[in-house]
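Grab the coordinates and work through these exercises. Each task is followed by a step-by-step solution.

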Amino acid sequence: IGDFLMLKLELDPDMQNRARKAAASIAGSFQWLFDDYSSVTIERTVLRLLGIDGATEDGTPYPNVVVDHLQQRNALLRGAAIPLANAIIYTGMSAQQIAEEIAQGNLDLTKTPVASPDKIFQVLDELSDKMLKHIAKQRETREQLIQSYGPRRIPAIYVIVATGNIYEDVIQAKAAAYEGADIIAVIRSTAQSLLDYVPYGATTEGFGGTYATQENFRIMRAALDEVSASEKRYIGLTNYASGLCMPEIAAMGAMERLDHMLNDAMYGILFRDINPKRTLLDQYFSRMINAYAGIEIQTGEDNYLTTSDAIEKAYTVTASQLLNEQFALLSGVKPEKMGLGHAFEIDPDLEDSFTYELAHALLTRELFPGYPVKYMPPTKFATGNIFKTYLMDAMFNFAGKLTHQGVQLLGMMTEAIHTPHLADRSLAIENALYIFNAIKSLDENITLVPDSFINRRANQVLKEATEFLERVEKEGLFKAMERGEFADIKRTENGGKGLNGVFRKDVEYFNPFLEKMKKELGL
């Protein structure tokens, strides 16, 4: 993507190098956090990967039961893996049976006789190998299917379903895929990101979306596999590894062969008021799981433009993309799996609004060549005038195709009125297919004047982003957030939700998946 574009900017290479250097320095300054700390959700993820699933009668997931049990006894500092393996050796039970015994009050992990370290590590080695082999097999299945059906179109047509009922979502998702969608995103129920547990099983009620659960992932993946086989085109599936259960959702997606995960380094801090340390720590492990599973991450820079002006604060989008890139590299995510985000959110009544947008879209495309960048549609200026919104979506599709974006999240003409009906989605796909076909090779026939407005504007945004990142590098990311430098939202280092779930690791701490995945990913 991007290498064969005739429509190219003339970006200042020195400014690009400075921006990346500052972003790498900011991300690298958190190594202390990644090396020395863990969180309750990281430990619940380890338990899920070791084979614990399900929930008690009152709906408490078993991974929560075990982690809460250890935390209440001040026994979580070594991680959840060692006490679990020790109990497996002592009782001869499976990981699942142990979790059920703890829930019933029949077993205390802090009172079981301690086995030798060799035996404990042998148990963990076998259990972690078994799960990593399963995830690797899911990754290979995806690769084989894509090889068999052929690569996805550029940009890929991406649409959302959000009924709250997984079975209704399946009907809508299949209809959209048959209409021509390449990727289906199942929007998550409002505020699920603030739950410190993952609901269990298939769900039929949700507000503004459907709960992210492992069973819902399995149901939707199976449905889209049916369409893929029938259409001879691989249909990708997206969900959200964000919020207080970021790594757990990444692990469930890896087990069930999801293809994309919304997985931003800073979104939870800024837009959900989740504690900065908790968010950065959880994103580190969640992205490592996604990298190992071959899942394409997608970031949320489009959200900046819902709270800030798209022209005045364009540089914050570029700065965030560069930070997301560096945090992802630390977790082993390869550039071809980084769907960095941006959005078409300029006021349509502004003179040259589309020209500004082309400058911004080309800047993202060229700063991240070969990355499947994700382009978001106009929503902020959508109104009850569905014809104007449909026209804005057409301009958005024009910009996306012309600049070779990786993923095009289609706008809906009823965006400002209600959750889209089947017909709305069908019209959105028709709009994109018409424009993608009509301007298929236009980019090969046009070039930019070197001193054009578009070139000047792109370089100005890059310069502002570079200077901003260098300022953040000097004062520290947490200080910049405290001052509201990102998205005009102020967040403090020790504020927000979930800080009490972060703990400093004991010298004996062990997470078998972290060690094995790091090795596999060359970290």
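The radius of gyration here is taken over C-alpha atoms, and the globule rule is 2.2 Å times the number of residues to the power 0.38. This is a predicted model, where local features need pLDDT of at least 70 and side-chain atom pairs count only at pLDDT 80 or more, while totals for chains, interfaces and linings use all residues. Residues are numbered from 1 along each chain as its sequence is written, and side-chain values use heavy atoms, with hydrogens and water left out.

**Exercise 1.** Work out how the radius of gyration of the chain agrees with that of a compact globule.

*Solution.* Start with the length: 523 residues go into the rule, which gives a radius near 24 Å. Next, take the chain's own value, 23 Å, which agrees with a compact globule. Then look at the extent: the C-alpha trace spans about 75 × 55 × 40 Å along its principal axes. Finally, check the contacts (heavy atoms within 4.5 Å): of those with a separation of 6 or more, 77% link residues 24 or more positions apart.

**Exercise 2.** Find out how much of the chain is buried, then do the same for helix α10.

*Solution.* Set the cut-offs: buried means under 20% relative accessible area, with a 1.4 Å probe and protein chains only. Over the whole chain, 61% of the residues are buried. Now pick out α10, residues 246-256; helices are DSSP runs of H or I, at least four residues, numbered from the N terminus. In α10, 11 of the 11 residues are buried, so the helix is largely enclosed by the rest of the structure. Among them are Glu248 and Glu256, along with Met246, Met252 and Met255. Last step: just after α10, Arg257 takes a positive phi of about 60°.

Note on methods. Buried means under 20% relative accessible area, exposed over 50%, partly exposed in between (1.4 Å probe, protein chains only). Helices (H or I, at least four residues) and strands (E, at least two) are DSSP runs, numbered from the N terminus.
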